[in-house]
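This report looks at a single protein chain, from its ring packing to its overall make-up. Please read it with the structure in view.

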Amino acid sequence: MWGSDNGSVLIAVAPLVEDKRFRAIRDPNVHDAVTRTIAPFRPWLDVLQPTSGVYVMGGLHNTLRRLVVDGAPVATGLAAVGDSVCTTNPTFGRGLALALQGAVDLVAALAESDGLKLALRLDGDVRAHIEPYYRDQARNDSDRLAGLRHNLTGGRPARIQPAEHWTNFAEIRAAMPFDPQVFRAFWRVMNMLCPPEEVYRDAEVVRLTRAALASSNGTTSTPQPERADIEAALGLG
Ligand SMILES: Cc1cc2nc3c(=O)[nH]c(=O)nc-3n(C[C@H](O)[C@H](O)[C@H](O)COP(=O)(O)OP(=O)(O)OC[C@H]3O[C@@H](n4cnc5c(N)ncnc54)[C@H](O)[C@@H]3O)c2cc1C
């Protein structure tokens with residue numbers, strides 16, 4: 001549930017595309033029933049007025065396009081920014097920041113005198129300023145999808161074990177409600193204030209994250225619905 005402009009909120013349910021049970025959610029009544037299985041949302045649903053139907057959105061991919069391959073530009077005189085360079089999971093809301101970063105880099109790079117140098121410099125900027133967030137998001141989404149698929153079909157184990165001296169996005173997200181320093185570290189990554197790996201490798205962040213996870217003992221900040229409640233809301237069984 002995302003707060004938006006003009007006194008509105010957006011509610012999105014994001015199931016696995018192969019989980020056909022969720023197709024019923026296109027019906028607004030089913031959508032509301034499923035959303036109501038999450039306890040903190042219920043009081044909001046009591047007061048919110050729908051302003052639209054339920055829309056389906058798919059085909060979301062993390063993408064990165066580089067215009068330099070093996071050190072050589074594949075096109076000169078073409079300066080790409082925004083979604084034409086990189087798209088990331090829109091639920092993390094980074095598209096505009098990544099596009100603005102590309103625009104700022106382009107303005108600075110226009111001082112370069114020839115097309116070859118411009119292409120190489122812009123590609124260096126993409127590697128330094130865009131690619132770390134693309135890679136982190138692609139890794140996070142891949143782990144998250146593996147977790148969802150594991151829940152659905154019993155495939156690959158849900159949790160990818162992080163390295164001893166490194167934490168990762170999943171861990172700091174789980175730990176951040178329980179420790180103020182991890183909370184700040186999480187938002188430094190989310191708001192692109194420093195490259196993700198700088199936070200994940202920070203020994204103090206790793207220590208505090210693991211301590212918070214150990215003491216929270218699997219508690220999540222949002223109460224999770226039972227599978228049976230969701231299936232009932234979807235009109236199954
Ligand atoms: C559902 C959704 C939610 C999102 N939420 C967020 C969010 O909360 N926060 C955030 O930061 N980002 C969000 N994003 C991402 C963000 O919208 C994009 O990253 C951003 O708009 C990219 O800007 P852009 O200028 O590269 O491309 P666009 O905004 O797509 O602009 C490209 C423009 O080019 C035009 N165009 C295309 N082809 C041609 C042509 N042949 N001739 C002329 N014009 C053409 C298009 O009509 C369009 O106006 C979201 C994206 C989606 C899909």
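Phe169 has a relative accessible area of 3%, and because buried means under 20%, Phe169 counts as buried. The model is a predicted one. Phe186 is also buried, at 4% relative accessibility.

A search of the whole structure gives four aromatic pairs. In one of them, the ring centres of Phe169 and Phe186 are 5.4 Å apart and the planes meet at 40 degrees, so this pair is tilted. The two residues are 17 residues apart and link distant parts of the chain: Phe169 belongs to helix H5 (residues 169–175) and Phe186 to helix H6 (residues 180–190). Why is the pair of Phe169 and Phe186 called tilted? Planes under 30 degrees apart count as stacked and those over 60 as edge-to-face, with the rest as tilted; the angle here is 40 degrees, so the pair is tilted. Phe169 and Phe186 also join Phe92, Phe183 and Trp187 in one aromatic cluster.

Two loop residues deserve a separate look. Most residues other than glycine have a negative phi. Asn6 and Asp70 are listed below with their positive phi values.

| Residue | Phi | Loop between | Relative accessible area |
|---|---|---|---|
| Asn6 | near 55 degrees | strand E1 (2–3) and strand E2 (9–10) | 80% |
| Asp70 | near 50 degrees | strand E4 (68–69) and strand E5 (72–73) | 81% |

Are these residues buried or exposed? Asn6 is exposed, with a relative accessible area of 80%, and Asp70 is exposed at 81%.

Now the chain as a whole. The protein contains nine helices and six strands. Its domain assignment gives domain 1 (2–59), domain 2 (63–153) and domain 3 (169–216). Between domain 2 and domain 3, the C-alpha centres lie 24 Å apart. Their contact takes 10 residues from domain 2 and 11 residues from domain 3.

Along the principal axes, the C-alpha atoms fill a box of roughly 65 × 45 × 40 Å. Of the 237 residues, 28% count as buried. Among contacts with a separation of 6 or more, 63% come from residues 24 or more positions apart.

The protein exposes about 14900 Å², and carbon and sulfur atoms supply 56% of that area. How many charged side chains does the protein have of each sign? There are 25 positive and 27 negative side chains, and the centres of the two sets lie 3 Å apart.

Terms used:
Residues numbered from 1 in each chain as written. Predicted model: local features only at pLDDT ≥ 70, side-chain atom pairs only at ≥ 80, totals over all residues. Heavy atoms only, no water. Helix = DSSP H or I, 4+ residues; strand = E, 2+ residues; numbered from the N terminus. Buried < 20%, exposed > 50% of the residue type's maximum accessible area, 1.4 Å probe, protein only. Contact = heavy atoms within 4.5 Å. Areas by Shrake-Rupley, 256 points an atom, 1.4 Å probe, with all protein chains shown as cover. Lys, Arg positive; Asp, Glu negative; His and termini not counted. Charge placed at Lys NZ, Arg CZ, Asp CG, Glu CD. Phe/Tyr/Trp six-rings, centres within 6.5 Å; stacked < 30°, edge-to-face > 60°. Domains from an automatic or database assignment.
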